[in-house]
Amino acid sequence: MQKPGPLGPPGPRKTDVSGLAPIAERATPPATPAPEPVTVDDLLDRFGPLLVAGTVRTLDVLAEADDGDLPDFLDNRPALEAFAVALVADHQVRPLPAASLPPLERLALEIVDDLAELRRWLDLSAQGRRIRARIEREAGACDRVLLGLRADPDAGLHGLLVRALEGHQDDDRTRKPQDDERAQDRFGAWRTPAEHERIEAYDRHHWTCDRCIRAGRGYGARCEAGARLHAATRASR
């Protein structure tokens with residue numbers, strides 16, 4: 001029992017805490033991270049470029065959706081396809097030609113051209129005939145062409161057809177041209193593979209030979225090798 005001191009009754013006994021560890025601060029629970037927003041690219045990765053049996057471009061449908069609606073479609077393809085069908089019915093989205101039609105007829109309908117005229121145009125060159133064969137026989141080739149036309153409707157048809165079919169199993173770049181087949185170089189000139197090869201051989205020599213460079217500018221004659229290569233190109237230019 002404590003006795004009263006000269007200053008009055010004693011107060012509450014103090015506890016010595018100098019040797020105790022400090023009380024840990026109360027842990028704050030981690031904040032719940034906000035979900036990542038769903039983007040058009042997410043839905044394209046999930047559902048691919050075509051909807052409704054390959055007749056509606058996914059990108060056209062998503063362009064008509066509000067950003068707040070995109071999460072609702074992420075795990076609900078039927079809802080997205082129903083939205084696509086409604087857009088087509090309201091004439092807000094133009095469908096692709098029906099996938100049940102022959103591929104070349106689908107392409108003719110897309111470019112508003114006569115089927116016979118399109119076939120005749122493709123048959124004018126060896127490359128056009130190969131393109132026609134791929135569109136008619138290769139699975140997915142016509143869809144790639146149609147999607148390319150929708151993405152860049154003002155592009156030239158020939159270049160678009162070549163680009164749309166690049167990078168696939170029958171890529172023209174991996175095929176050896178026939179001897180009588182004419183191809184276009186980077187400057188737009190159409191020649192046979194042999195003609196292109198002769199011109200490229202001369203160019204490789206010319207730009208490494210000072211004498212031939214001077215001759216090309218009108219100063220003196222070409223060297224013996226340059227003169228021979230140049231003569232071989234005359235019929236090719």
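The dialogue below walks through some features of this predicted model.

Visitor: Where should I start, and how many helices and strands are there in the protein?

Guide: Start with the overall make-up. The protein has 12 helices and four strands. Of its 237 residues, 31% are buried. The exposed surface comes to about 16,500 Å², and carbon and sulfur atoms supply 53% of that area.

Visitor: What share of the contacts join residues at least 24 apart in sequence?

Guide: Contacts can be sorted by how far apart the partners are in sequence. Counting contacts between residues at least 6 apart, 48% join residues at least 24 apart.

Visitor: How do I read a single helix, say α7, and what does α7 reach from its first C-alpha to its last?

Guide: Compare the span with the expected one. Helix α7 covers residues 126-137, which is 12 residues, and its end-to-end C-alpha distance of 16 Å is close to the 16 Å expected at 1.5 Å a residue.

Visitor: Which residues of α7 are buried?

Guide: The buried ones are Q127, G128, R130, I131, R132, R134 and I135. One of them, R132, has its side chain in a salt bridge with E136, at 3.3 Å from N to O. R132 and E136 are four residues apart in α7, so about one helical turn separates them. E136 is partly exposed, at 34% relative accessibility.

Visitor: Where else is there a salt bridge with partners four residues apart in a helix?

Guide: Look at helix α4, where R77 and E81 are four residues apart, about one helical turn. Their closest N and O atoms are 3.1 Å apart, and the two form a salt bridge. R77 is partly exposed, with a relative accessible area of 32%, and E81 is also partly exposed, at 22%.

Visitor: How many salt bridges does the count come to?

Guide: The count comes to 12. Another of these pairs is D75 with R46, whose side chains meet at 2.7 Å, N to O. D75 sits in the loop between α3 (70-73) and α4 (77-89), while R46 belongs to helix α1 (residues 40-47), so this pair ties together parts 29 residues apart in sequence.

Visitor: Are D75 and R46 buried, partly exposed or exposed?

Guide: Relative accessibility sorts them. D75 counts as exposed at 68%, whereas R46 is partly exposed, with a relative accessible area of 44%.

Visitor: Which residues are linked in a network of salt bridges?

Guide: Such a network links R57, D60, R94, E110 and R150. Take E110 as an example. E110 lies in helix α5 (residues 103-110) and counts as buried, at 11% relative accessibility. Its side chain makes a polar contact of 2.7 Å with the side chain of R150. Leaving out residues up to four places away in sequence, E110 touches R94, L96, P97, L146, L149 and R150.

Visitor: What is a disulfide, and how many does a search of the whole structure find?

Guide: A disulfide is a covalent bond between the sulfur atoms of two cysteines. A search of the whole structure finds zero.

Visitor: Why is there no bond at C209?

Guide: Distance decides the case. The closest cysteine sulfur to that of C209 is in C212, 3.6 Å away, which is too far for a bond. C209 is buried, with a relative accessible area of 13%. Another cysteine, C142, is buried at 7%.

Note on methods: Residues numbered from 1 in each chain as written. Predicted model: local features only at pLDDT ≥ 70, side-chain atom pairs only at ≥ 80, totals over all residues. Heavy atoms only, no water. Helix = DSSP H or I, 4+ residues; strand = E, 2+ residues; numbered from the N terminus. Expected span 1.5 Å × (residues − 1). Buried < 20%, exposed > 50% of the residue type's maximum accessible area, 1.4 Å probe, protein only. Salt bridge = Lys/Arg side-chain N within 4 Å of Asp/Glu carboxyl O. Contact = heavy atoms within 4.5 Å. Areas by Shrake-Rupley, 256 points an atom, 1.4 Å probe, with all protein chains shown as cover. Polar contact = N/O pair within 3.5 Å; in protein donor to acceptor, adjacent residues only side chain to side chain. Disulfide = S-S within 2.5 Å.
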